[in-house]
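Got your viewer open and the structure loaded? Let's take a walk through it together, one selection at a time.

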Amino acid sequence: MDEVTYLVQLLKQNWASASLAAGLPNHQGTPTIIDIRNLDKNKGRRYDLSQKVEGESSSDLIIVFEDGQDIEYPTISLDVRNETYNMTLHIRCIQDERQQGFENFGRDRLNSLYRITRYIIESNRKGSTITHNDESKRFDLITFGTRSESNDRNKRLFGYKINLTMKKFAISIP
């Protein structure tokens, strides 16, 4: 399992319980969480936020991708290495028919998506083992980085770009 798949599965496997634990019961719908390298229809280059994808519970979107990797050899003998992965999450939602009388539904939904995502990451910051397709992976430390806005008023899109760092320490080198 690669690092992007690990992060996608971490979010998917914890979303339902995290929305309740974060105190956001009105925003429980699980967004579509995808790896940017996905080639499935409506989950690749263009994504229609106005249409809910079959099998997903909301039309909101979280895109996960890796920005880079850094390897450090902290000992003189070079017997171990530390790995650092820089990841980016793009959270997107749209001001749409779900507003049901709420003028700021899109902004509130974006804030809720961010808070649930942050809750999942911070709850698993000291490492969590994720199993997907009979393969397990664990990171020693996951930390939240910077957050920036990426909105598009013309398309009624609200979004955040979030940077994450995932680290593995003291990996033995044979």
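What follows is a tour in stops, each with something to select and something to look at.

**Stop 1: the whole chain**

Before you click on anything, keep in mind that this is a predicted model. Show the protein chain as a cartoon and you'll find two helices and seven strands. Trace the chain from the N terminus and the elements come in the order α-β-β-β-α-β-β-β-β. Of the 174 residues, 44% are buried. Now switch on the surface: its accessible area is about 9,900 Å², and carbon and sulfur atoms hold 44% of that. Among contacts with a separation of 6 or more, 64% link residues that sit 24 or more positions apart.

**Stop 2: the five-stranded sheet**

Select β1, β2, β3, β7 and β6. These five strands form an open sheet in the order β1-β2-β3-β7-β6, with mixed pairing. Which strands stand at the edges? They are β1 (32-35) and β6, and each has a single partner strand, so one side of each has no neighbour in the sheet. Turn the view to look along the sheet: the twist averages 25° from one strand to the next.

A bit of background helps here. Strands in a sheet pair through hydrogen bonds of the backbone, in a parallel or an antiparallel way.

Both kinds are on show. β1 and β2 are parallel and share four bridges; for one of the contact points, select threonine 32, whose bridge partner in β2 is leucine 61. β2 and β3, on the other hand, are antiparallel over 11 bridges. Pick aspartate 70 and you'll see threonine 84 of β3 opposite.

While you're at β1, show its side chains. Thr32 and Ile34 point one way, Ile33 and Asp35 point the other way, and all are buried.

**Stop 3: helix α1 and the core**

Select α1 next. This helix lies across β1, β2, β3, β6 and β7, and runs at about 135° to β2. To see the nonpolar side of things, start with Leu7 and Val64: they have the most contacts inside the largest nonpolar core, a set of 31 residues. α1, β2, β3, α2 and β7 each give at least two residues to this core, and the largest share, eight residues, comes from α1.

Now zoom in on leucine 7. Which residues does leucine 7 contact, apart from its neighbours within four places in sequence? Look for Val64, Met87, Leu89, Ile121, Leu164 and Met166.

Then move to glutamine 9, also in helix α1. Is glutamine 9 buried or exposed? Its relative accessibility is 11%, and anything under 20% counts as buried, so glutamine 9 is buried. Beyond its neighbours within four places in sequence, glutamine 9 touches Ile130 and His132.

**Stop 4: helix α2**

Select residues 105-123. That's α2, a helix of 19 residues that reaches 26 Å from its first C-alpha to its last, close to the expected 27 Å. This helix packs on the sheet, where it touches β2, β3, β6 and β7. Its buried residues include Phe105, Leu113, Tyr114, Thr117 and Ile121. The buried residues of α2 pack against α1 (3-21) as well.

One general point is handy as you look down the axis. An α-helix has 3.6 residues a turn, so residues three or four places apart point the same way.

**Stop 5: the small hairpin**

Go to β4 (residues 129-132) and β5 (residues 135-138). These strands run antiparallel and are joined by four bridges. Threonine 129 has arginine 138 of β5 as its bridge partner. Two residues lie between the strands of this hairpin, and asparagine 133 there has a positive phi near 50°.

**Stop 6: two loops**

Finish with the loops. Glycine 29 sits between α1 and β1, and is partly exposed at 25% relative accessible area. Measure from its C-alpha to that of alanine 16, and you should get 8.0 Å, although the two are 13 residues apart along the chain.

Your last selection is aspartate 79, in the loop between β2 and β3. Aspartate 79 is partly exposed, with a relative accessible area of 43%. Its C-alpha is 7.6 Å from that of proline 174, though their positions lie 95 residues apart in sequence terms. Leaving out neighbours within four places in sequence, aspartate 79 contacts Ile171, Ser172 and Ile173.

Notes. Residues are numbered from 1 along each chain as its sequence is written. This is a predicted model: local features need pLDDT of at least 70, side-chain atom pairs count only at pLDDT 80 or more; totals for chains, interfaces and linings use all residues. Side-chain values use heavy atoms; hydrogens and water are left out. The expected span of a helix is 1.5 Å times one less than its number of residues. Buried means under 20% relative accessible area, exposed over 50%, partly exposed in between (1.4 Å probe, protein chains only). Contact means heavy atoms within 4.5 Å. Two strands pair if DSSP finds at least two bridges between them. Accessible areas come from the Shrake-Rupley method with a 1.4 Å probe; for residues, only the protein chains shown count as cover. A nonpolar core is a set of buried Ala, Val, Leu, Ile, Met, Phe, Trp, Tyr and Cys residues joined through side-chain atoms within 4.5 Å. Axes are lines fitted to C-alpha atoms, for helices over the stretch in contact, and angles run from 0 to 180 degrees between N-to-C directions.
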